[in-house]
Amino acid sequence: MGVAAAQLVSRSTAVDSKALLSLPFLSGSMPQEHALSRFHARWYPMTLVFLAFDVEMLFMYPWVEVVATVGLSAVVEMFIFLGVLLIAVVWAWREGAFRWV
């Protein structure tokens, strides 16, 4: 019963695989693909690297206030955190995550 319900929901909410030919898209050019097409998998590692550095900035802003009260241990912890991020960037670079084509 659950499988039949899942199939019914899937068919009723599925997006048509054909490109929309009657709507304006890309400044009036005819679309080459559907507007809801999936992104290529090569963009996901770049997105994760961006999010890692975005989270880094979230940690660094309050760290400025904490370092004044905690002292040297806060500086050491931040450099360990930055070192882990640097290792992740070097790994992503070696894996080819920064190649765009």
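The expected span of a helix is 1.5 Å times one less than its number of residues. Keep that rule handy for this tour of a predicted model.

**Stop 1: the whole chain.** Show everything as a cartoon. You'll find three helices and zero strands, so to read the chain from the N terminus is to read α-α-α. Of its 101 residues, 12% count as buried. Switch on the surface if you like: the accessible area comes to about 8,900 Å², and 70% of that belongs to carbon and sulfur atoms.

**Stop 2: helix H3.** Select residues 72-95, which make up H3. Now try the opening rule: with 24 residues at 1.5 Å a residue, H3 should span 34 Å, and because its end C-alpha atoms are 35 Å apart, the two values agree. Next, color the buried residues of H3, namely Ala 74, Met 78, Leu 85, Val 89 and Ala 92. What do the buried residues of H3 pack against? Their partner is H2. Before you leave, click on Gly 96, just after H3: its phi is positive, at about 90 degrees.

**Stop 3: H2 beside H3.** Add residues 43-70, which form helix H2. The two helices pack at an angle of about 170 degrees, and their axes are 9 Å apart. Angles over 145 degrees count as roughly antiparallel, which is why H2 and H3 get that description. Show the side chains where they meet. On the H2 side, look for residues including Val 49, Phe 53, Phe 59, Met 60 and Trp 63; on the H3 side, residues including Leu 72, Met 78, Phe 81, Leu 82 and Leu 85. Color this contact by class and you get 17 nonpolar residues, one polar and one charged.

**Stop 4: Val 49.** Zoom in on Val 49, which sits in H2. Is Val 49 buried or exposed? Its relative accessibility is 15%, and the cut-off for buried is under 20%, so Val 49 counts as buried. Which residues does Val 49 touch, leaving aside those up to four places away in sequence? Select Ala 92 and Phe 98 to see them. Ala 92 should look familiar, as you colored it among the buried residues of H3.

**Last stop: a distance to check.** Pick the C-alpha atoms of Val 49 and Ala 97 and draw a line between them. The two residues are 48 residues apart along the chain, yet these atoms are separated by 8.9 Å. For the chain as a whole, take the contacts between residues at least 6 apart in sequence: 37% of them join residues at least 24 apart.

How values were computed
Residues are numbered from 1 along each chain as its sequence is written. This is a predicted model: local features need pLDDT of at least 70, side-chain atom pairs count only at pLDDT 80 or more; totals for chains, interfaces and linings use all residues. Side-chain values use heavy atoms; hydrogens and water are left out. Helices (H or I, at least four residues) and strands (E, at least two) are DSSP runs, numbered from the N terminus. Buried means under 20% relative accessible area, exposed over 50%, partly exposed in between (1.4 Å probe, protein chains only). Contact means heavy atoms within 4.5 Å. Axes are lines fitted to C-alpha atoms, for helices over the stretch in contact, and angles run from 0 to 180 degrees between N-to-C directions. Angles under 35 degrees count as roughly parallel, over 145 as roughly antiparallel, 65 to 115 as roughly perpendicular and the rest as oblique. Ala, Val, Leu, Ile, Met, Phe, Trp, Tyr, Cys and Pro count as nonpolar, Asp, Glu, Lys and Arg as charged, and the others, Gly among them, as polar. Accessible areas come from the Shrake-Rupley method with a 1.4 Å probe; for residues, only the protein chains shown count as cover.
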